[in-house]
Amino acid sequence: MTKPIIGVLTWRSGRTFAEPGYFKRLLRASKRLGVVLYLFSPQDVDDKAKLVQGFFWSREKGWLSKRFPWPDVVIDRYRYRSDQAFKKYVDFRKRNHMYYANHRLANKWKVHQILSTEPTMEQWLPETYLYTEKRLKQLLERYSHVYIKPSNGTGGRGIVKVERAENHYHLVGRDDQRKKIRTTCKTLLETNKWLTKWRKKDKWIVQQGLQLDLIPKRSVDVRLLIQKEQTGVWDVTGMGVRIGPLHSATSNLHGGGQAKELAPFLESLFGAEGAHIIIEECHQLARRTALTVERHFGRMLELALDIGIDVNGYIWLIEVNPKPGREIFRELGQIQTYQQSIERPIQYAKYLASVQ
């Protein structure tokens, strides 16, 4: 019996890849799971010959390349980039000439619009709009702070927290290189001028600020990973708490955040019963989000949810990421969960190859 052939679509420049550490682990896992797996980019595909110039890892020789057969299934790991290569990737995906394990997800604004049409999701969604000066003013009149976010992008890049004080506005955030920025504006007009320079030409959203400082002066959220298991059923792989640095607008681990075990953390704040209720609701939110996203955007493989838990124990869906990292489990020492999070995409792709 021939082994299933799985291609992983990603960005590369020469032999430099977007997520080399993750891909090495993925390639190692593919051997254990009995599949042929290789990395490739749009420029590596020979449509006429139905062959792909794929890449694989050798501990002795590094990244190597050879001609591989056309993949039975493709896992799309090509993440958003603001460059010409990303535009070529989008054109490549539109051709839809390969069998994908996961469809593309729209930007944050479109995803919010879709989720907000689902009555069962409404309770978990913070007020969110496309950024305008009028919307910023309206939200700052209702809430002590708001978040300005790029409609595309991940990892906490470009996010700014705008906090209303007695006679000025505090702005805290991270730029595209995740460098921390802080400034103060005396008026809302000055704030909007600063944000206009910050935003450049990209579409941005403005979102209701939530009281997520379960630890004073720190951003705290929950990272939940839900994946398809080997028969295509959605299942929560794992969860963990991310605690941001002091006075940071975000809690991302890349931005200096730290990871904590979820249950003990919640129990210390809400008691054992309260923690159990919150965790169950997070699972419920994850499944409904996965099913709603899949119904509107097509087949998905895995989703990471950033979930806010406010000081009253209410949960909020902050963001959905279709091409997530899984390093939080390694940070937590949850090696079995970490390994499972790497294997599940391969197991699901292998299942798709067997049923198509």
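# A tour from pocket to sheet

Start by selecting α1, the element that gives the most to the lining of the second largest pocket, with three residues. Keep in mind as you go that this model is predicted.

**Stop 1: the pocket.** Now select the whole lining: Leu27, Ser30, Lys31, Val35, Val36, Leu37, Phe56, Trp57, Lys66 and Phe68. Which elements give two or more residues to it? They are α1 (20-32), β4 (36-40), β6 (51-58) and β7 (62-69). Colour the lining by class and you should find seven nonpolar residues, one polar and two charged. The space inside this second largest pocket comes to about 170 Å³.

**Stop 2: a hairpin.** Next, show residues 169-174 and 180-185, which are strands β12 and β13. They run antiparallel and are joined by six bridges. To see one pair, pick His170 and look across to Thr184 in β13, which stands opposite. Then move to the five residues between the strands of this hairpin, where Arg178 takes a positive phi near 70°.

**Stop 3: the open sheet.** Select the five strands that form an open sheet, and trace them in the order β17-β16-β15-β18-β19. The pairing here is antiparallel. Which strands sit at the edges? They are β17 (258-260) and β19 (315-321), each of which pairs on one side only. Ignoring direction, neighbouring strands of this sheet are turned by 35° against each other on average.

Zoom in on β16 (residues 234-243) and its antiparallel neighbour β17: three bridges join them. For an example, pick Val241, whose bridge partner in β17 is Lys260. Now add helix α6, which packs on the sheet and touches β15 (220-228), β16, β17, β18 (302-309) and β19. The direction of α6 makes about 130° with that of β16.

**Stop 4: two helices crossing.** Keep α6 (residues 262-297) on screen and add helix α3 (residues 108-116). How do the axes of these two helices meet? They come within 10 Å and cross at roughly 110°. That crossing lies between 65 and 115 degrees, so α3 and α6 are roughly perpendicular to each other.

To view the contact itself, show the side chains of Val111, Ile114 and Leu115 on α3, together with Thr289, Thr292, Val293, His296 and Phe297 on α6. By class, this contact of α3 with α6 has five nonpolar and three polar residues, and no charged ones.

Conventions
Residues are numbered from 1 along each chain as its sequence is written. This is a predicted model: local features need pLDDT of at least 70, side-chain atom pairs count only at pLDDT 80 or more; totals for chains, interfaces and linings use all residues. Side-chain values use heavy atoms; hydrogens and water are left out. On a 1 Å grid over the protein atoms alone, a cavity is a set of points where a 1.4 Å probe fits but cannot get out, and a pocket is an open set with protein on both sides within 12 Å along at least five of seven lines; lining residues have an atom within 4 Å of a point. Grid points are joined across faces, edges and corners, and a volume is the space filled by probe spheres set on the points. Helices (H or I, at least four residues) and strands (E, at least two) are DSSP runs, numbered from the N terminus. Ala, Val, Leu, Ile, Met, Phe, Trp, Tyr, Cys and Pro count as nonpolar, Asp, Glu, Lys and Arg as charged, and the others, Gly among them, as polar. Axes are lines fitted to C-alpha atoms, for helices over the stretch in contact, and angles run from 0 to 180 degrees between N-to-C directions. Angles under 35 degrees count as roughly parallel, over 145 as roughly antiparallel, 65 to 115 as roughly perpendicular and the rest as oblique. Contact means heavy atoms within 4.5 Å. Two strands pair if DSSP finds at least two bridges between them.
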